[in-house]
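Here are a few friendly exercises to work through with the structure in view. Try each task yourself, then follow the solution step by step.

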Amino acid sequence: MSDLGTLIALAGIALILIALGWWLLIESEGVYLGRRVVIWLYDLYAGRYDDIKHFRQDYDHLFLAQPIMERLAPNRAPLVLDVATGTARLPLALLRHEHFIGRIYAADLSMGMLYQASRKLERYQREYQESAPVLLLCADAGALPFSNGAFDLVTCLEALEFTPSPAQSLRECVRVLRPGGLLLITNRLTGRWMPGKTWTQADLTLLLMSIGIEQVRFEPWQVDYIRVWGVKAA
Ligand SMILES: C[S@@+](CC[C@H](N)C(=O)[O-])C[C@H]1O[C@@H](n2cnc3c(N)ncnc32)[C@H](O)[C@@H]1O
């Protein structure tokens with residue numbers, strides 16, 4: 001092969017390796033490299049996570065806290081579990097809701113994300129001059145350290161696809177939900193980049209029904225995610 005041919009071949013290989021690295025580490029956030037890599041990446045980016053995501057309090061009220069409180073009514077004091085809570089987006093949205101007087105367990109495997117969550121909860125306590133009834137804990141979505149039927153509401157937002165087995169994590173969410181309890185999860189819409197980690201609506205509906213979830217509803221949310229609601233059969 002001529003020098004030019006060798007150079008083109010090497011450039012081609014380098015491009016393929018860069019594309020593969022980008023897909024493995026950035027696009028799919030390390031999920032095909034194992035749980036440790038996912039958590040390492042979240043630990044690394046935890047301090048910048050909220051800036052990257054551009055969360056808006058008014059949207060989180062409108063699309064998360066308000067519809068949750070409407071569905072839970074008249075129960076204003078639910079026991080909540082937020083699985084893969086990240087920087088406590090869902091707990092803070094609920095705490096800021098005027099009718100919420102419940103308690104929240106917020107679990108994640110990344111200590112970096114939990115640290116950011118604790119800082120935000122401290123700021124909340126200073127701002128509102130009241131204690132935040134939120135317990136942060138380090139726990140794996142695939143093996144939740146709670147007994148069956150413990151919670152009135154279980155949420156898992158933008159996270160199932162980053163766990164080693166999304167179906168197992170979903171089964172765990174449902175296991176710890178009480179009969180009649182409310183489930184809110186998300187399904188990623190740009191799933192073609194994450195084969196085996198997301199579901200079609202039909203497949204997710206079937207899976208949820210097979211593990212005892214009824215009244216499955218899909219509601220639009222963001223470009224990348226759809227909200228999925230369900231109620232655990234009594
Ligand atoms: C995209 S963030 C979503 C965080 C939060 N739910 C939100 O809506 O902002 C994904 C979160 O899942 C967590 N995570 C990934 N794998 C996990 C696992 N196996 N168990 C628990 N948390 C996990 C990460 O640490 C990260 O905080």
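**Exercise 1.** Does Met69 count as buried or exposed, and why?

*Solution.* Keep in mind throughout that this is a predicted model.
- Step 1: Find Met69 in helix α4.
- Step 2: Count its C-beta neighbours inside 10 Å, which gives 20.
- Step 3: A residue is buried if 20 or more other C-beta atoms lie within 10 Å of its own, so Met69, with 20, counts as buried.
- Step 4: Look at the partners beyond four places away in sequence: Met69 touches His97, His99 and Phe100.
- Step 5: Compare sequence with space for Met69 and Glu98, which are 29 residues apart in the chain, while their C-alpha atoms are 9.8 Å apart.

**Exercise 2.** Describe the largest nonpolar core and say where it lies with respect to the two domains.

*Solution.*
- Step 1: The largest nonpolar core has 57 residues.
- Step 2: Val83, Leu94, Val154, Cys156, Cys173 and Leu183 have the most contacts inside this core.
- Step 3: Both domain 1 (3-45) and domain 2 (54-232) contribute residues, so the core lies between them.
- Step 4: Take Leu94 as an example; leaving out residues up to four places away in sequence, Leu94 touches Ala65, Ile68, Val80, Phe100 and Ile104.
- Step 5: As background, nonpolar side chains tend to be buried together in soluble globular proteins.

**Exercise 3.** Work out how domain 1 and domain 2 meet.

*Solution.*
- Step 1: The protein is divided into domain 1 (3-45) and domain 2 (54-232).
- Step 2: Their centres, taken over C-alpha atoms, are separated by 30 Å.
- Step 3: Domain 1 brings 9 residues to the contact and domain 2 brings 11 residues.
- Step 4: On the domain 1 side, α2 gives the most, with 5 residues.
- Step 5: That side of domain 1 divides into 4 nonpolar, 1 polar and 4 charged residues.

**Exercise 4.** Which residues come nearest to the ligand, and which helix gives the most to the shell around the ligand?

*Solution.*
- Step 1: There are 20 residues around the ligand, and Ala84, Gly86, Ser110, Ala141 and Leu157 come nearest.
- Step 2: Helix α2 (residues 35-45) gives the most to this shell, with 4 residues.
- Step 3: Each of domain 1 and domain 2 supplies at least three residues to the shell.
- Step 4: Sorted by class, the shell has 10 nonpolar, 5 polar and 5 charged residues.

**Exercise 5.** Look for backbone surprises at Ala84, Glu158 and Pro74.

*Solution.*
- Step 1: Most residues other than glycine have a negative phi, and most peptide bonds are trans.
- Step 2: Ala84, in the loop between β1 and α5 (89-95), has a positive phi near 55°.
- Step 3: Ala84 is buried, because 25 other C-beta atoms lie within 10 Å.
- Step 4: Glu158 sits in the loop between β4 and α7 (166-175) and has a positive phi of about 55°.
- Step 5: Glu158 is partly exposed, with 18 other C-beta atoms within 10 Å.
- Step 6: In the loop between α4 (57-72) and β1 (79-83) is Pro74, and the peptide bond from Ala73 to Pro74 is cis, with omega near 10°.

**Exercise 6.** How many bridges join strand β4 to β5?

*Solution.*
- Step 1: Strand β4 (residues 151-156) and β5 run parallel, joined by 5 bridges.
- Step 2: Phe151 has Leu177 in β5 as its bridge partner.
- Step 3: Strand β5 (residues 177-188) is mostly covered, with 9 of its 12 residues buried.

Methods:
Residues numbered from 1 in each chain as written. Predicted model: local features only at pLDDT ≥ 70, side-chain atom pairs only at ≥ 80, totals over all residues. Core = buried A, V, L, I, M, F, W, Y, C linked by C-beta atoms within 7 Å. Domains from an automatic or database assignment. Contact = placed C-beta atoms within 7 Å. Near = placed C-beta within 6 Å. Helix = DSSP H or I, 4+ residues; strand = E, 2+ residues; numbered from the N terminus. Nonpolar A, V, L, I, M, F, W, Y, C, P; charged D, E, K, R; others polar. Pairing = 2+ DSSP bridges.
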